[in-house]
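Hi,

Here is the structure I promised to pass on. Have a look at it first, and my notes on what turned up are underneath.

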Amino acid sequence: MQNTNRQKSETAFNRARISIPGGVNSPVRAFKGVGGTPAFIASGKGCHITDIDGNEYIDFVGSWGPLILGNAHPAVTEAISRTLQSGLSFGAPTEAETELAELITSLVPSVEMVRFVNSGTEATMSAIRLARGFTGRNLIIKFDGCYHGHADCFLIAAGSGAATLGVPDSPGVTPGTAGDTLLARFNDLQSVKNLFTSHQGKIAAVIVEPVVGNMGVILPRPEFLQGLRELTESDKSILIFDEVMTGFRVASGGAQELYGIKPDLTTFGKIIGGGLPVGAYGGSRKIMELISPSGPVYQAGTLSGNPLSVSAGLATLKQIHSKSDFYEKLEQNGAYLAEGLLEGCRAASVKATLNRAGSMMTLFFNSGEVTDADSARRSDTKLYGRFFHGMLDKGIYLAPSQFEASFLSRAHSKEDLDKVINAATEVLEVESHK
Ligand code: KE4
């Protein structure tokens with residue numbers, strides 16, 4: 001099946017670019033990392049999305065992580081519809097927010113209290129403010145290539161769209177702000193030790209994607225996360241796990257469960273909103289009670305904890321926990337897909353490496369291991385672009401950037417994965433004859 005007619009998307013994109021910068025409301029959607037015109041999506045169901053030209057795709061973006069159940073899962077859409085009957089938003093507390101908070105704190109032991117916001121960016125920027133308020137310190141450490149949303153303090157060697165667009169340090173970030181953000185290398189504990197040595201007692205927090213998703217998927221080396229825990233503990237600095245992507249994705253308790261590390265603060269997003277706008281940050285009662293109105297650290301939001309997002313998040317988490325083998329099945333399918341893709345690369349003598357954590361993965365066209373931003377950047381992004389379009393034409397919608405994760409959902413069947421593996425093998429075969 002060839003999905004090559006995307007005339008209506010072309011027209012829609014030309015129209016959108018008149019009134020929306022770049023024609024999109026988030027940069028990575030513009031296909032700048034792979035070239036060509038983005039497909040404008042009309043609908044989604046299960047593991048499939050359909051564009052406005054009627055082309056159907058097997059979806060591996062899943063709205064960038066929230067759709068771990070697949071598109072428009074009935075448990076989620078029915079929950080939203082029921083909530084809708086009672087109104088949209090009140091700007092007042094509702095019991096469902098407490099229910100979702102209690103569910104999250106029951107699933108993530110390091111989180112005793114949680115505050116809901118409307119995006120991952122709000123969650124991470126609030127966590128940084130809280131860490132600074134709690135420690136009375138200014139400096140933060142982030143890692144080259146990690147992306148924590150678009151707050152000024154993070155747009156220093158950021159990943160995701162910033163890396164894809166090759167503008168990791170954004171105009172508009174003041175030298176004062178940039179000066180309070182120190183940069184280390186992921187998987188390089190010495191680079192972190194050096195910063196703690198030269199800024200002893202001045203670092204408020206280390207923020208890290210415990211499994212990186214925003215340079216493509218990069219796994220922590222053994223002891224790396226434990227090393228961060230020890231360094232922050234000894235300097236009385238706050239360790240923040242940014243689990244906006246990995247939370248409820250790689251395990252029920254997130255990457256911190258997978259790696260057995262207890263951070264001081266955790267940020268969430270994506271899956272806890274089931275596809276609706278959401279974010280959250282949480283941690284020990286001692287730290288979280290500093291947040292207004294119980295404490296002096298201010299943070300607020302008109303639609304924070306809004307009934308629709310909360311109902312979608314509750315339905316999603318409950319659906320996940322209704323199946324005892326939920327993550328095991330994702331792990332099996334993730335491993336099956338990864339092996340099939342690598343086999344296709346081997347058969348076509350295309351050099352590639354695949355990094356995977358459960359149902360989030362990235363196929364890097366790279367002859368070596370990808371363990372940090374520098375090695376990720378050595379990948380063949382042009383080949384990735386050709387691979388992406390070859391797959392798109394065959395009805396497979398991968399992440400439109402080498403520096404992003406692709407996501408499997410519980411809606412992807414073995415048959416769907418076999419289609420993906422066969423398509424990849426064909427596309428790579430063509431590539432091998434170039
Ligand atoms: P949002 O503000 O986009 O909801 O979340 C920011 C964020 C924070 N932390 C992590 C680990 C994240 O992955 C993200 C956002 N992820 C990207 C995907 N790489 C969102 C896609 C986009 O920017 O359009």
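Let's start at the ligand: one of its nitrogen atoms has a polar side-chain atom of Asp242 at 2.7 Å. Asn214 does something along those lines, with an N or O atom of its side chain 2.4 Å from a ligand nitrogen. Glu404 joins in too, its side chain placing an N or O atom 2.7 Å from a nitrogen of the ligand. Those three are among the closest residues, together with Ser26 and Thr121, and 17 residues surround the ligand in total. Keep in mind that this is a predicted model.

How far can you trust it? The average pLDDT of the chain is 96, and 98% of the residues reach at least 70. Confidence peaks in strand S9 (residues 265–269), with a mean of 99, and is lowest in helix H5 (residues 160–164), with a mean of 71. Where pLDDT is low, the predicted coordinates should not be read in detail.

On to the overall layout. The domain assignment splits the chain into domain 1 (7–60 + 324–432) and domain 2 (74–320). Their C-alpha centres are 26 Å apart, and the contact between them involves 28 residues of domain 1 and 29 of domain 2.

Which residues have the most contacts inside the largest nonpolar core? They are Phe60, Leu337, Met360, Phe365, Phe387 and Met391, in a core of 49 residues. Several elements supply at least two residues each, including strand S3 (56–59), helix H12 (326–347), helix H14 (381–393) and helix H15 (414–432). H15 is the top contributor, with seven residues. The core also takes at least three residues from each of the two domains. To see what one of its members packs against, pick Met391: leaving aside residues up to four places away in sequence, Met391 touches Ile396, Leu398, Val420, Ala423, Ala424 and Val427. There is a second, separate core as well, with 29 residues, among them Leu100, Leu107, Ala315 and Ile320.

Now some backbone oddities. Most residues other than glycine have a negative phi, and most peptide bonds are trans. Against that background, three spots stood out to me:

- Ser292 and Pro293 are joined by a cis peptide bond, with omega about 5°. Pro293 sits in the loop between helix H10 (285–288) and helix H11 (307–320).
- Ala72 has a positive phi, near 50°. It belongs to the loop between S3 and helix H2 (74–84), and with a relative accessible area of 31% it is partly exposed.
- Phe248 also has a positive phi, about 60°, without being a glycine. Its place is the loop between strand S8 (238–242) and helix H9 (254–259). Phe248 counts as buried, because its relative accessibility is 1%, under the 20% cut-off.

One last residue to click on is Ser126, in helix H4 (residues 120–135). Is Ser126 buried or exposed? Its relative accessibility is 3%, so Ser126 counts as buried. What does its side chain reach? The partner is the backbone oxygen of Glu122, at 2.5 Å. Beyond its neighbours up to four places away in sequence, Ser126 touches Tyr281 and Gln299.

If you only have a minute, go to the ligand and look at Asn214, Asp242 and Glu404, which are among the residues closest to it.

Cheers

Conventions
Residues are numbered from 1 along each chain as its sequence is written. This is a predicted model: local features need pLDDT of at least 70, side-chain atom pairs count only at pLDDT 80 or more; totals for chains, interfaces and linings use all residues. Side-chain values use heavy atoms; hydrogens and water are left out. pLDDT is the predictor's confidence in each residue, from 0 to 100. Helices (H or I, at least four residues) and strands (E, at least two) are DSSP runs, numbered from the N terminus. A nonpolar core is a set of buried Ala, Val, Leu, Ile, Met, Phe, Trp, Tyr and Cys residues joined through side-chain atoms within 4.5 Å. Buried means under 20% relative accessible area, exposed over 50%, partly exposed in between (1.4 Å probe, protein chains only). Domain bounds come from an automatic or database domain assignment. Contact means heavy atoms within 4.5 Å. A residue is near a molecule or strand if one of its heavy atoms lies within 4 Å of it. A polar contact is a pair of N or O atoms within 3.5 Å; within protein, one must be able to donate a hydrogen and the other to accept it, and residues adjacent in sequence count only if both atoms are side-chain atoms.
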